[in-house]
Amino acid sequence: MDEAGRLSYAEVTGWVRRFAAVVAGNRTYLTDLDSAIGDADHGANLDRGLQAALARIEALEGEDVTAALRAAGSALISTVGGASGPLYGSLFLQFGAAAAGHDWYGLIEWAAGLDAGIAAIVRLGKAGPGDKTMLDALLPARDAIAVALASGAQPAAAVRAAAEAAEDGMRATIPLVARRGRASYLGERSAGHQDPGATSAAMLIRAAADVWVAGGQG
Ligand code: ADP
Ligand code: MG
């Protein structure tokens, strides 16, 4: 990380590696969550997609953050069969586009990527707040970043606040009735279970916070 609190190329790809490692370690947990209200494949889906994403990143030359995150996004889109693949893939494509081809990634750019990624997820999946989806972790994260940036917080503190907001949002999906995705087929019976996609989305934001904090801006 540089003095301005911007992640290096190695730290950005470290973020994807860390997310992949956390998902791999929680593969069974995510699949168990999905077995309660879906088809028991979320952990396996995301693990497979992220391993493919890492392989694509490894094959790249140079230190173009946009190229790396776009490679991750297209790997997710092409290797994950479930609903979450295109949605996470689109999120990563937008995280990539926001990096504008630099070999670094600042919090302003990252926050813009999150914002554009959320817009892409909404466009594709037509879900909104409270529908018991990954958006219920991502939207509070985005709002927390905006508040932290407006109050002049350091990047690491801002992303940490986002991770906490995402985890609160994840837990808040438990009582919700699903209105989008497979879980919505269960209607009222979807209540009482934490949404798997909101859980993995909170892991994604937490992984970013860990990378920023480890970079020394915590
Ligand atoms: P599938 O539901 O096709 O089996 P996964 O199990 O991999 O796909 O992912 C399920 C997760 O995807 C859900 O927990 C939810 O968070 C997310 N999801 C599903 N549909 C939507 C949607 N329309 N908008 C946003 N997120 C969605
Ligand atoms: Mg599933």
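Student: What makes α3, α5 and α9 part of the story around ligand 1?

Tutor: Each of α3 (42-58), α5 (84-98) and α9 (196-217) supplies at least two residues of the shell, and α9 gives the most, with three. The model is a predicted one: local features need pLDDT of at least 70, side-chain atom pairs count only at pLDDT 80 or more, and totals for chains, interfaces and linings use all residues. As for bookkeeping, residues are numbered from 1 along each chain as written, chains are lettered from A and ligands numbered from 1 in written order, and side-chain values use heavy atoms, leaving out hydrogens and water.

Student: Which residues around ligand 1 come nearest?

Tutor: Of 20 residues (each with a heavy atom within 4 Å), Asp 39, Asn 45, Ala 83, Ser 84 and Asp 195 come nearest.

Student: Why is the pair between Asp 39 and ligand 1 called a polar contact?

Tutor: A polar side-chain atom of Asp 39 lies 2.9 Å from an oxygen atom of the ligand, and the cut-off for a pair of N or O atoms is 3.5 Å, so the pair qualifies. A backbone N or O atom of Gly 197 also lies 2.9 Å from a ligand oxygen atom. Taken alone, ligand 1 exposes 560 Å² (Shrake-Rupley, 1.4 Å probe), and the protein buries 92% of that.

Student: Where does ligand 1 sit?

Tutor: The space that ligand 1 takes is the largest pocket; sitting there means that more than half of its atoms lie within 2 Å of the pocket's grid points. That pocket holds about 530 Å³ of space. Among its 25 lining residues, Ala 83, Ser 84, Leu 87, Gly 181 and Arg 182 are the closest to its centre.

Methods:
A polar contact is a pair of N or O atoms within 3.5 Å; within protein, one must be able to donate a hydrogen and the other to accept it, and residues adjacent in sequence count only if both atoms are side-chain atoms. On a 1 Å grid over the protein atoms alone, a cavity is a set of points where a 1.4 Å probe fits but cannot get out, and a pocket is an open set with protein on both sides within 12 Å along at least five of seven lines; lining residues have an atom within 4 Å of a point. Helices (H or I, at least four residues) and strands (E, at least two) are DSSP runs, numbered from the N terminus. Grid points are joined across faces, edges and corners, and a volume is the space filled by probe spheres set on the points.
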